[in-house]
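User: I should like to learn how to read the features of a structure such as this one. Could you take me through them in turn?

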Amino acid sequence: MLATAIDIESVVEEHFCLANAAAAVFSQYTQRQTNRIVRAVYEAAFHHRVHLARLAHEETGMGKWQDKVIKNVVASQLVYDDIKDMKTVGVIYEDPISGIVEIAQPMGPVLAIVPVTNPTSTAIFKILIALKTRNPVIISPSRKARQSTIEAARICYEAALDAGAPEHCIQWLPEGSRELTQAAMAHKSLALILATGGPGLVRSAYSSGTPTIGVGAGNVPVYIERTADVPFAVEQIMKSKCFDNGTICASEQAIVAERAIADAVCEEFCRRSARFLSKEEVEQLEQVAFDPQRGSMHPDIVGQPAAKIARMAGIEAPADTQLLIAPLGGVGDEWPLSCEILAPILAWYTADDFDEAVNLCIDLNFHGGMGHTASVFSNDDGRVKQFASLMNAGRIVVNTPSSQGAVGGLYNMLHPSLTLGCGTGGKNITTDNVTAYHLMNIQRIARRRENQRLMKLDRNLFYDESIDPASFSAAYNMNY
Amino acid sequence: MAPTCQTSETRTFQFEECMDTVACERIEPELNSLLAETDGPVVFDLIGVKFISSAFLGLCVRAYQKTSERGFEVVNMAPTIRRVFKIAGLESMLNVR
């Protein structure tokens, strides 16, 4: 462990010294050389997907290794497929009519903060998009997932070097300490922080003064509208919420079912080994699932199986219980289970009609999940669009398992990503699924293309204070 | 490494078009011997160099450490190579001109 501030400073300084050299050398690489490196890294990551998934599961004790394999496939195969043909070096766009030419430049060293919930997949994803854009990357592992994160980075680095990448194009901080990460975030040579983690960490990244692409917390409401195919909807929700024991931030957090179909939804959930809790059991669950000191989910239940959480809460539940469903009377601080909980636990609400259901979803959306993701099951396109326009969410997934749908590439054509922008609602700069496109500085050559309307305009009109906007506009557009 | 020229005071070294890791490993022993024989200032002339690797940056830094007291500079490079020194933050230390 690094004992002193001097140790931290020297470690960070050394990493950035090497990262700067890597950035400098990388700036000379062609698209072809870059693509070769990215392909090699993808192949290595894909090859080690099971090993890395098992390692992450053993180290963190969270989720299911089988699902972590799928996450590693998304981060390697799907991300690679998505970015492999993207132009990221030199001229990437040219329009002779407008006279605009776009040139991609690397940004410089990127600090990739990797969360405990998706350690190896997030590391692979961030490494691929950084290398594709010729940026060296420094991985900052979570304290609880240090070994698996660094192993993923090491595998990628060796493959990159074999494919001719600059030395030190991938580095990692030796430990997952807050002090070390903060020192790295504030380093003058750092170009960008890719901050995936809790709200505290993301806030800290923004405060560092370094440009940051952060993510927001999720609190995904799922609206099951009356036209939904109930068995299908429930099957999809179970598949999503139980995936890796609910560790994906885009996983469903609360079900809002219209009363007309609520009983059918309940029955379907029960048929699929979900357990609806009584009022007393909800209170018991709150004790273990919510940490009042932190004001958020309790870390001990993150990514744990439903049956284990039930035992922790003293709730009797069959060993094959897949999901715990807590009927709640409202949304907000007085209903702790209405916040984001990355475990197989869902809040449950019923609503008389569309308006009441959407109001509940808005409350859930604004209770810690602004800008992230919302989900709807419906066969009424008008209702879907109405619902979407009322949510503050970067992604509104339709008739789709939310965990897998929001990350893109599996159930829709969103960019596959392990970093989901949440817009200004989540205090982020973008609502996009973050990808290689976000890691380039795009320069624009602007060739002369005169604005003829302005050129022929009587210049005296600019200074004539009596002219109103309509008259000016008419003169500006005359004969156009 | 291309033939070098030596005036009474300054020794100039020229390099290959592609100074990748392999090229650097190949020339460094000879470069070190020549640097050891040289008393005066040292100039790395990068005319014609089109690619430099991290290894070449390291080689420059080590050469600078050996010769900085008598003067060391890197000259005559194409803009693409100058930018590499600039991004690496080595322009000032290595007297890149």
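Analyst: The turns below treat a sheet, its helices and the interface of two chains in a predicted model.

User: How are the strands of the open sheet in chain A ordered, and is the pairing parallel or antiparallel?

Analyst: In general, strands of a sheet pair through backbone hydrogen bonds, either parallel or antiparallel. Here, five strands of chain A form an open sheet in the order β5-β4-β3-β6-β7, and the pairing is parallel. On average, neighbouring strands are turned by 20 degrees against each other, direction ignored.

User: Why is one side of β5 and of β7 in chain A left without a neighbour in the sheet?

Analyst: β5 (170-172) and β7 (212-214) of chain A stand at the edges; each has a single partner strand, so one side of each lacks a neighbour in the sheet.

User: How many bridges join β3 to β6 in chain A?

Analyst: There are four bridges between β3 (residues 110-113) and β6 (residues 192-195) of chain A, and the two strands run parallel. Within this pair, A112(A) is placed opposite L194(A) of β6(A). Helix α8 (residues 199-207) of chain A packs on the sheet, where it touches β3, β6 and β7 of chain A. The direction of α8 makes about 165 degrees with that of β7(A).

User: How should the packing of α5 and α6 in chain A be described?

Analyst: Two packed helices are described by the angle between their axes and the distance between the axes. For α5 (residues 119-132) and α6 (residues 146-162) of chain A, the angle is about 30 degrees and the axes are 8 Å apart. Their crossing is right-handed. Among the residues that make the contact are A123(A), I127(A) and L131(A) from α5(A), and A152(A), C156(A) and A160(A) from α6(A). The contact comprises nine nonpolar residues, three polar and no charged.

User: What span should helix α4 of chain A have?

Analyst: At 1.5 Å a residue, the 19 residues of α4 (residues 65-83) of chain A should span 27 Å; the C-alpha atoms at its ends are 26 Å apart, which agrees. At V74(A), α4(A) bends by about 30 degrees.

User: Which elements of chain B supply the side that touches chain A?

Analyst: The contact involves 11 residues of chain B and 11 residues of chain A. On the chain B side, β5 (51-52), α2 (54-67) and α3 (79-88) each supply at least two residues. The most comes from α3(B), with five residues. By type, this side of chain B has six nonpolar residues, four polar and one charged.

Definitions and conventions:
Residues are numbered from 1 along each chain as its sequence is written. Chains are lettered from A and ligands numbered from 1 in the order in which they are written. This is a predicted model: local features need pLDDT of at least 70, side-chain atom pairs count only at pLDDT 80 or more; totals for chains, interfaces and linings use all residues. Two residues are in contact if their C-beta atoms, placed from the backbone, lie within 7 Å. Ala, Val, Leu, Ile, Met, Phe, Trp, Tyr, Cys and Pro count as nonpolar, Asp, Glu, Lys and Arg as charged, and the others, Gly among them, as polar. Two strands pair if DSSP finds at least two bridges between them. Axes are lines fitted to C-alpha atoms, for helices over the stretch in contact, and angles run from 0 to 180 degrees between N-to-C directions. A crossing is left-handed if the near helix is turned anticlockwise from the far one by less than a right angle, and right-handed if clockwise. The expected span of a helix is 1.5 Å times one less than its number of residues. The bend at a residue is the angle between axes fitted to the seven residues ending there and the seven starting there.
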